[in-house]
Structures are given as structure tokens and as C-alpha cells.
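Biologist: Let's go through this model together. I will ask why each label is used, and you give the value and the cut-off.

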Amino acid sequence: ILSVLRGDATAADTSRVIPRKQILLFVSSTFTDTHAERNVLQEEILPSLQERARRVGVEVTFVDMRYGVKDANTLDHMTWIACAHQIRSCHEQSGGLFFLSLQGTKYGYRPVPKYIDAALVHAKRELDAWTKEQEGLFERWYDLDENSYPNPVFVLRALQAIDDAEFWEVAVPALREALDGVVFDHTSASASAARIEVGSSVTEYEARYALALDSSRCHWLQRRFTGAALPASE
């Protein structure tokens, strides 16, 4: 810090020296089983934090993607890309913690990627000897973009309807199996280090990516049930 103040801008990462008067926290979890926890965070904890932080000139914001992942993102397969953008933004702009993971009992949605390197697809196809069904579904849903820089990529076609049963019930499971383990997000060194790969859930992508960016500014909470067991029907 002293070197930077003396004028040596190469002495340190100045982005970590400049004080930021805001806490921008990305809240990560599977959605369907953590509504109660997310509601408590937004409706009870956040207002209290904001009131206390405002006294010292600090702004506190929770980024809850329940309201950020719109139908348009789902139709165009942009869910993970939108989440990654928000995580990077929180990491860059928050003056403290930037990522909170709520761990429940679900693993979460496992998508097939919007973009995937063509060379990796060809290698995986040769290695695993895809079935005719997998070949047909890949050709049905992916188009080759040879103009992509620096490498050609396959691009997943947009959905015409959110409830496209052919895509969700047939194509996704088959394509996920065909592309299993292929690393597809090369948008930054942190994404590559986090090994964002086909077969994992968006919730795992979020945690891996945030931890690769800066594990010291991430926090994790796990739900634990105590007392009487839940009825079998639940």
C-alpha cells in the first residue's frame, strides 16, 4: 500500500487497495429447497445489515438470481453465463465478502453448455464412440460457428418454448451423457481453474468459480435438521 501511495502502481494489485464502500454479495443455492432461507436473508437480515452499514457509509446488496434468471435466459441457454457475470461483478465491486453459498439437500440443475469448443467435442466423440441417438441429437441442437475467436465453437440452439419436452426430457440427458466431463467455460483463467465442465450443476459451477476467484471472501452455510425425523412422504 505504501509503495502505491508513493506512486509505484506496479508494486501491488491496486484493485485490492482502493477501498470500496459497498458489500455486494451473490447468494448461491438450489432454488426450490431454499425459499425459506432466501426469504429470511432478503426480508429480515438484509434490512438490518443495510441499516447498520448505512451509519458508516457502506451500502449492502444481496444478488438473488431468483429474480435475475429470466425466461429469456432460459430460452437462450444463458443461465450459467448470467450467473458467472454476476459473480465476477460481485467479486470486483464488493469491499468484503462477495459470495454466499446456501447448502441444502439438492444438487441442482445440470445444463448442457451454450458454447463448447469444437475441438473438444470432436475429441470426446472419437474417444467415447457416440451412439446414433447422441449423434442425431447433437446435430439437431448444436450449430458450428467457424467464425468464433480464437477457436470454432458449437452453439446450442435457442428454445422456442420454455416447456419444450423434447429438449428437457430427451435431448438434455443424452447430450449431458455424451459430453460428460468436457470443460467448456474458458472465459477467464479463474473459470478454467475452477473446471467448469459438463455434468455438474450450476450451483457447483457457482461455488467452484467463486472459490477460484478468492476463497477468502466466500462464506458457506449448511442446513442441518435436528429433532424428530420428517415423515416419509416429505
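Biologist: Why is T79 called buried?

Modeller: T79 has a relative accessible area of 14%. Buried means under 20%, exposed means over 50%, and partly exposed lies in between, with a 1.4 Å probe and protein chains only as cover. The value of 14% is under 20%, so T79 is buried.

Biologist: What are the ground rules for these values?

Modeller: This is a predicted model: local features need pLDDT of at least 70, side-chain atom pairs count only at pLDDT 80 or more, and totals for chains, interfaces and linings use all residues. Residues are numbered from 1 along each chain as its sequence is written, and side-chain values use heavy atoms, without hydrogens and water.

Biologist: What is the mean pLDDT of the chain?

Modeller: The mean is 87, and 83% of the residues reach 70 or more. pLDDT is the predictor's confidence in each residue, from 0 to 100. Among the elements, helix 1 (residues 2–5) has the lowest mean, 60, and strand 5 (residues 142–145) the highest, 98. Where pLDDT is low, the predicted coordinates should not be read in detail.

Biologist: How many helices and strands are there?

Modeller: The chain has nine helices and seven strands. Both are DSSP runs numbered from the N terminus: H or I over at least four residues for a helix, E over at least two for a strand.

Biologist: Where does T79 sit?

Modeller: T79 is in helix 4. The C-alpha atoms of T79 and V202 are separated by 8.3 Å, though the two residues are 123 apart along the chain.

Biologist: What makes the length of helix 4 agree with its residue count?

Modeller: The expected span is 1.5 Å times one less than the number of residues. Helix 4 has 15 residues, so it should span 21 Å. Its end C-alpha atoms are 21 Å apart, which agrees.

Biologist: Which residues of helix 4 are buried, besides T79?

Modeller: The list also includes W80, A82, C83, A84, I87, S89, C90 and H91. The buried residues of helix 4 pack against strand 1, strand 2, helix 3 (71–75), strand 3 and helix 9 (202–214). Contact here means heavy atoms within 4.5 Å.

Biologist: What is the strand order in the four-stranded open sheet?

Modeller: The order is 2-1-3-7, with parallel pairing. Strand 2 (59–64) and strand 7 (218–222) are the edge strands; each pairs on one side only. The twist averages 20 degrees from one strand to the next.

Biologist: What makes strand 1 and strand 2 a pair?

Modeller: Two strands pair if DSSP finds at least two bridges between them. Strand 1 and strand 2 share six bridges, in the parallel sense, so they pair. Q22 stands opposite E59 in strand 2. At the other junction, five bridges join strand 3 (residues 99–103) to strand 7, and L100 stands opposite H219.

Biologist: Where does helix 4 touch this sheet?

Modeller: Helix 4 (residues 79–93) packs on the sheet, touching strand 1 (22–28), strand 2 and strand 3. Its direction makes about 150 degrees with that of strand 1. Axes are lines fitted to C-alpha atoms, for helices over the stretch in contact, and angles run from 0 to 180 degrees between N-to-C directions.

Biologist: What makes strand 1 count as mostly covered?

Modeller: Five of its seven residues are buried.

Biologist: Why are strand 4 and strand 5 said to stand at the edges?

Modeller: The second open sheet has three strands in the order 4-6-5, with antiparallel pairing. Strand 4 (115–117) and strand 5 each have a single partner strand, so one side of each lacks a neighbour in the sheet. The twist averages 30 degrees from one strand to the next. Three bridges join strand 4 to strand 6 (residues 153–156). Helix 6 packs on this sheet, touching strand 5 and strand 6.

Biologist: Why does E135 count as partly exposed?

Modeller: E135 lies in helix 6 (residues 132–141). Its relative accessibility is 23%. That value falls between the buried and exposed cut-offs, so E135 is partly exposed. Leaving aside neighbours within four places in sequence, E135 is in contact with R125 and W130.
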